[in-house]
Amino acid sequence: MVKATKAEKKIAYDTKLCQLIDEYTQILVVAADNVGSTQLQNIRKGLRGDSVVLMGKNTMMKRSVRIHSENTGNTAILNLLPLLQGNVGLIFTKGDLKEVSEEVAKYKVGAPARVGLVAPIDVVVQPGNTGLDPSQTSFFQVLNIPTKINKGTVEIITPVELIKQGDKVGSSEAALLAKLGIRPFSYGLVVQSVYDNGSVFSPEVLDLTEDQLVEKFASGISMVTSLALAVSYPTLAAAPHMFINAYKNALAIAVATEYTFPQAEKVKEYLKDPSKFAVASVAAVSADAGGGAPAAAKVEEKEESDEEDYGGDFGLFDEE
């Protein structure tokens, strides 16, 4: 079988990328640092069905995207160009973006701390028996790790932060972790950005719940309303507040002058004689009580009649 030339491979890659851009409207841009070929193959198998993983050189991808945009007029796809930086790949998907990103995150494998590698997390060596013989104490002394000899083996006394996040792994740290059999790092495809129908946003957006979205939307509406009220610019959100404020101003003028209108008459009447409304409020409270007062009056009346009857009986008995 004749192998394809480099030019033919580029043409095939360009055709495949353009075909995927036409077919899929959702793309996850993922970082692929320290991801091996076997691990990448497992990710492809796990996403098979509604997603396609495509890796390649950034220059090739950018060139194909530009040419495809010029040929089809799809200018929205140009938003991908700033995202193609570093060792990245593209996951084209028709599935739920959150579910696909969670599936990608499952395929992480442990990796040793290699010399010169930038630590993605803090590495802390926990106290305990290392299983190493006393001749290996020099590794611990170089790194200022307190140890003691216990039953012929080296034991770490206190937890030690060996490597900080963002620092490069030194030769001593790498050698010690290798001797302890610790693989502190785990690597896999990491979603960096999300492209959805021309819009680009951070993957953290996928973790937002409906309640959080409603809360953020309400906060935005509140800000727009406040701004509209401050500059007296009518908007749908600010209109009710503007009407209420205008009514309050008109009511204040009516109260302070002889001018009146139907909605102001009751207020002016209240200001002239507040006692009328006090009596009305008491009557309303009595009505809300469900007729408890009349019932009590009936009970008291019945008790009085019983006492009169009983007293009459004594009177008749005395006369006899």
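Buried means under 20% relative accessible area, exposed means over 50%, and partly exposed lies in between (1.4 Å probe, protein chains only). The model is predicted, so local features need pLDDT of at least 70 and side-chain atom pairs count only at pLDDT 80 or more, while totals for chains, interfaces and linings use all residues. Residues are numbered from 1 along each chain as its sequence is written, and side-chain values use heavy atoms, with hydrogens and water left out.

**Exercise 1. Find S135 and decide whether S135 is buried or exposed.**

Step 1: Look in the loop between β6 and α5 (137-142), where S135 is found. Helices (H or I, at least four residues) and strands (E, at least two) are DSSP runs, numbered from the N terminus.

Step 2: Apply the opening cut-offs: S135 has 54% relative accessibility, so S135 counts as exposed.

Step 3: Now turn to V154, which lies 8.9 Å from S135, C-alpha to C-alpha, with their positions 19 residues apart in sequence.

**Exercise 2. Work out the order of the open sheet of three strands.**

Step 1: Recall that two strands pair if DSSP finds at least two bridges between them.

Step 2: Trace the sheet, and you get the order β6-β8-β7, with antiparallel pairing.

Step 3: Check the edges: β6 (128-129) and β7 (147-150) each have a single partner strand, so one side of each is left without a neighbour in the sheet.

Step 4: Zoom in on β7 and β8 (residues 153-156), joined by four bridges; here I149 stands opposite V154.

**Exercise 3. Describe how β1 is covered and which strands pair with β1.**

Step 1: Take strand β1 (residues 26-31), where six of the six residues are buried.

Step 2: Sort the side chains by direction. Q26, L28 and V30 point one way, I27, V29 and A31 the other, and all are buried.

Step 3: Find the partners. β1 pairs in the antiparallel sense with β3 (residues 88-93) over six bridges, and A31 has V88 as its bridge partner there. With β11 (residues 190-196), β1 also pairs in the antiparallel sense over six bridges, and the bridge partner of I27 is Y195.

**Exercise 4. Follow the salt bridges that involve K98.**

Step 1: Use the rule: a salt bridge is a side-chain nitrogen of Lys or Arg within 4 Å of a carboxyl oxygen of Asp or Glu. The structure holds four of them.

Step 2: Start with K98 and E102, whose closest N and O atoms are 3.3 Å apart. Both sit in helix α4 (residues 97-106), four residues apart, about one turn of the helix.

Step 3: Go on to K98 and D207, which meet at 3.2 Å, N to O. This pair links distant parts of the chain, 109 residues apart, with D207 in the loop between β12 (199-201) and α7.

Step 4: Grade the accessibility. K98 is partly exposed at 31%, E102 is partly exposed at 42%, and D207 is exposed at 51%.

Step 5: Look at another bridge in helix α4: K106 and E103 have their closest N and O atoms 3.3 Å apart and lie three residues apart, about one turn of the helix.

Step 6: Put the shared partners together: K98, E102 and D207 are joined into one network.
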